[in-house]
Amino acid sequence: MKKYSLWCFLFVSTILVAQDPVKPENTPERIVTDEYYGQKIDDHYRYLENLNDPNVISWMKDNANYAEAVLNKIPGKQKLNDEMLALINRKDANIYNVNITNNNHYFYLKQLPEDETGKLFYRNGYKGEEKFLFDPLSYKKDSGLTYTISSLSPNIDGTLVSVELAPNGSETGEMFVLNLKGEKVSQTIEPVWGIGPSWLEDGQHFLYTPMNSSDVTAANRETNTKVRLHKLGTDPNIDEDVFSAENNPELNIEPKEIPIVFYDHNSKLYLAIVVTVDKSYKIYAKRSLESKGTPWKPLAMKEDQVSDFFLTENAIYYQTFKNASNFKILKSSLENPAISMAKEVVPQPKTGVLVNFAVNKSGLYYVVNSNGVEAKVYFKPSGSKETKELKLPFTAGNASLYAWDSKEKDLFVNISGWTSPEKRYRYSPDIDSFIAEPLSSEVKYPELKDLTVKEVMIPSHDGVKVPVSIIYNKKIKMNGKNPAVIYGYGAYGISMNPFFSPVILAYTLHGGIMVVPHVRGGGELGDEWHMAGQKLTKPNTWKDAIATAEYLIKEKYTSKDKLSIWSASAGGIFVGRAITERPDLFVAACPEVGCMNTIRGEDSPNGPVNIPEFGTVKDPDEFKGLLEMDSYHHLEKGTKYPATLITAGINDPRVIAWQPAKFAAKMQAANASDKPILFLTDFEGGHGMGDTKSQAIESLSGILSFFYWQSGHPEFQPKKPITDN
């Protein structure tokens with residue numbers, strides 16, 4: 001799942017736009033009763049789980065048309081849309097998904113202001129001549145589908161590049177290989193899912209993990225997957241299984257675990273990792289795929305709690321949280337690479353969390369983040385026991401490191417903050433200096449001079465203090481009359497580190513306050529912070545959000561009739577349970593493609609892989625946790641709920657569309673207030689990945705104008721009511 005999802009339903013009936021929108025009738029209840037450990041649970045809308053039922057789809061489309069028509073009638077929405085677009089298009093070019101080969105060949109996606117999505121380009125070296133390779137919008141133009149590039153992987157010498165394309169946000173990709181003329185030189189392999197292949201040294205073979213089905217509703221889509229080896233010029237149907245539960249029964253790979261194998265050119269090792277959403281990897285190694293009788297050697301198991309690793313020519317480095325909630329780094333030689341042989345080279349920080357690291361010829365670099373909002377970069381030179389902090393070009397809220405070749409001395413560092421657009425630097429240890437090497441064009445935002453960021457620690461329901469970031473225009477008065485939005489997440493140990501967004505900037509231009517609570521379930525304060533918002537401790541996630549709302553109201557940043565709450569995906573729990581537990585605190589809410597019916601999530605295609613984070617109904621205690629975090633089952637008839645915009649993606653492979661659909665149906669029937677409960681399904685999209693620029697901006701302007709409308713902002717108030725509740 002992902003913490004950001006941005007999309008819209010593009011095609012609105014001209015009749016609906018031209019006249020007052022007509023609200024669809026509530027869909028009827030058809031109760032199914034389940035029993036879990038002696039407890040009977042009524043499910044009022046189980047039939048909505050059948051996405052092949054034309055009546056279900058018709059109801060979803062009627063609601064989508066109505067929701068889209070309502071949003072389009074909000075005054076100020078188009079202006080907000082145009083402001084976002086203007087801020088984003090201020091960049092001459094946006095370059096992302098950068099891949100750099102050992103011999104300094106750059107492959108990347110580039111998006112110009114007139115482009116809806118990134119096109120593939122190549123150049124030899126940072127200053128090399130740029131060459132266009134591929135436009136995804138030209139792919140299968142007659143199909144009626146919109147393709148975007150979900151991943152790209154050059155071979156080791158940079159003479160070929162594999163490209164994965166997925167249509168309409170499905171993340172169900174098709175993969176093929178291009179040469180440096182942009183010519184297709186392989187057959188198409190499908191379905192794949194954005195992981196990207198790993199090239200072998202000969203440049204003619206690669207390893208990849210396909211999905212079992214292109215259908216996002218297929219139960220076996222992600223279970224018992226296999227790593228295959230492909231040779232260019234051969235039929236993918238004969239590709240050999242090189243790593244799987246079937247091929248390697250001795251490794252006890254579970255059906256829900258996803259196997260991935262990659263070749264590391266530095267160590268000349270094949271590394272196999274077995275993953276779920278659990279941040280602890282299983283890691284195995286092998287010298288040759290051809291030695292059938294040679295077993296995969298285990299390097300680290302789940303109990304070793306390894307969350308990341310890095311290989312050089314003669315060593316492997318592990319990032320682990322075992323007996324180190326703030327994470328530490330261990331090192332083993334390649335002669336004895338198992339983590340049991342590793343020695344500590346960077347202890348866990350006494351304050352802050354070690355969030356990422358990289359190693360090259362000059363030494364080991366790592367980032368420590370304090371409270372999820374202040375990043376510092378440290379350098380331990382090769383052969384030295386001393387570590388020094390590097391002086392960054394500006395104070396960073398977030399920093400990421402990239403060592404493109406372990407034989408190089410220099411390192412790339414990207415730094416950013418809430419009011420600091422991301423910048424890319426090359427750090428040279430020889431001169432101890434950061435050299436700006438922008439890939440995307442530099443752009444100035446003079447509007448930022450009026451923004452301020454306040455970082456506070458607020459007590460939650462149990463007295464634990466939660467870091468909260470508050471971003472606003474310093475000219476506004478704290479009189480309790482300001483519109484405000486709480487945006488959070490709180491899952492998988494993912495941190496909401498500071499990032500610059502033209503969307504946040506556009507929102508603040510109208511006097512809104514953006515608030516980001518770094519709630520439990522995230523990783524801002526280390527592994528313990530994650531564990532404090534997982535499974536049976538999950539209530540801390542939404543109770544931290546509620547505490548944030550109470551703080552904002554008490555300190556007169558806003559008031560309950562001005563405050564909205566927003567999140568996506570697993571953040572649906574954050575939003576859904578906050579408004580079901582304390583509907584009085586919020587004027588509006590938006591759970592995007594949200595996990596709203598967690599006791600049934602396990603029955604969806606992407607459900608089993610998420611068991612380590614949320615739990616399983618097959619365990620009586622974990623069932624209690626799942627029921628407690630289930631927003632759908634906490635809706636109560638006769639309750640006055642805030643205005644709510646609920647969204648789904650029909651092609652969503654991560655949160656199946658029936659989860660938000662069931663929540664919307666039940667909330668519409670339960671709501672006793674006069675506030676609108678809108679349900680918007682994107683029938684051209686999925687979880688938000690793969691959206692075009694217009695889709696993303698249209699979606700965001702709809703959400704934020706909905707919040708402004710409900711909070712009473714004068715620029716977003718219609719002359720007459722636009723809903724008939």
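Author: Angles from 65 to 115 degrees between two axes count as roughly perpendicular, and that cut-off is the one to keep in mind while reading the helix pairs of this predicted model.

Reader: At what angle do helix 2 and helix 11 pack, and how far apart are their axes?

Author: Helix 2, which covers residues 54-72, packs against helix 11, residues 658-670, at an angle of about 70°, and their axes are 12 Å apart. The two helices are therefore roughly perpendicular to each other, and helix 2 passes helix 11 in a left-handed crossing.

Reader: Which residues of helix 2 and helix 11 meet?

Author: From helix 2 come Trp 59, Met 60 and Asn 63, and these meet Ala 661, Ala 665 and Gln 668 of helix 11. Sorted by class, this contact has four nonpolar and two polar residues, with no charged residues.

Reader: How do the axes of helix 2 and helix 12 cross?

Author: Helix 12 spans residues 693-710, and its axis and that of helix 2 come within 10 Å and cross at roughly 70°. Helix 2 and helix 12 are therefore also roughly perpendicular to each other, and the crossing is left-handed. On the side of helix 2 the contact is made by Glu 68, Val 70, Leu 71 and Asn 72, while helix 12 brings Glu 698, Gly 702, Phe 706 and Trp 709. By class, the contact of helix 2 with helix 12 has four nonpolar, two polar and two charged residues.

Reader: Turning to single residues, is Thr 27 buried or exposed?

Author: A residue counts as buried when its relative accessible area is under 20%. Thr 27 has a relative accessible area of 11%, so Thr 27 is buried, and this residue is found in the loop between helix 1 (14-18) and strand 1 (32-36).

Reader: Which residues does Thr 27 touch, once those up to four places away in sequence are not counted?

Author: Thr 27 touches Tyr 45, Tyr 47, Leu 48, Trp 59 and Ala 665. Among these, Trp 59 and Ala 665 also take part where helix 2 meets helix 11. The side chains of Thr 27 and Tyr 47 are joined by a polar contact of 2.6 Å.

Reader: Where is Ala 403 found, and what is its relative accessible area?

Author: Ala 403 is found in the loop between strand 27 (398-402) and strand 28 (411-417). With a relative accessible area of 12%, Ala 403 is buried. Leaving aside neighbours within four places in sequence, Ala 403 is in contact with Phe 310, Ala 358, Val 359, Asn 360 and Leu 411.

Technical notes:
Residues are numbered from 1 along each chain as its sequence is written. This is a predicted model: local features need pLDDT of at least 70, side-chain atom pairs count only at pLDDT 80 or more; totals for chains, interfaces and linings use all residues. Side-chain values use heavy atoms; hydrogens and water are left out. Axes are lines fitted to C-alpha atoms, for helices over the stretch in contact, and angles run from 0 to 180 degrees between N-to-C directions. Helices (H or I, at least four residues) and strands (E, at least two) are DSSP runs, numbered from the N terminus. Angles under 35 degrees count as roughly parallel, over 145 as roughly antiparallel, 65 to 115 as roughly perpendicular and the rest as oblique. A crossing is left-handed if the near helix is turned anticlockwise from the far one by less than a right angle, and right-handed if clockwise. Contact means heavy atoms within 4.5 Å. Ala, Val, Leu, Ile, Met, Phe, Trp, Tyr, Cys and Pro count as nonpolar, Asp, Glu, Lys and Arg as charged, and the others, Gly among them, as polar. Buried means under 20% relative accessible area, exposed over 50%, partly exposed in between (1.4 Å probe, protein chains only). A polar contact is a pair of N or O atoms within 3.5 Å; within protein, one must be able to donate a hydrogen and the other to accept it, and residues adjacent in sequence count only if both atoms are side-chain atoms.
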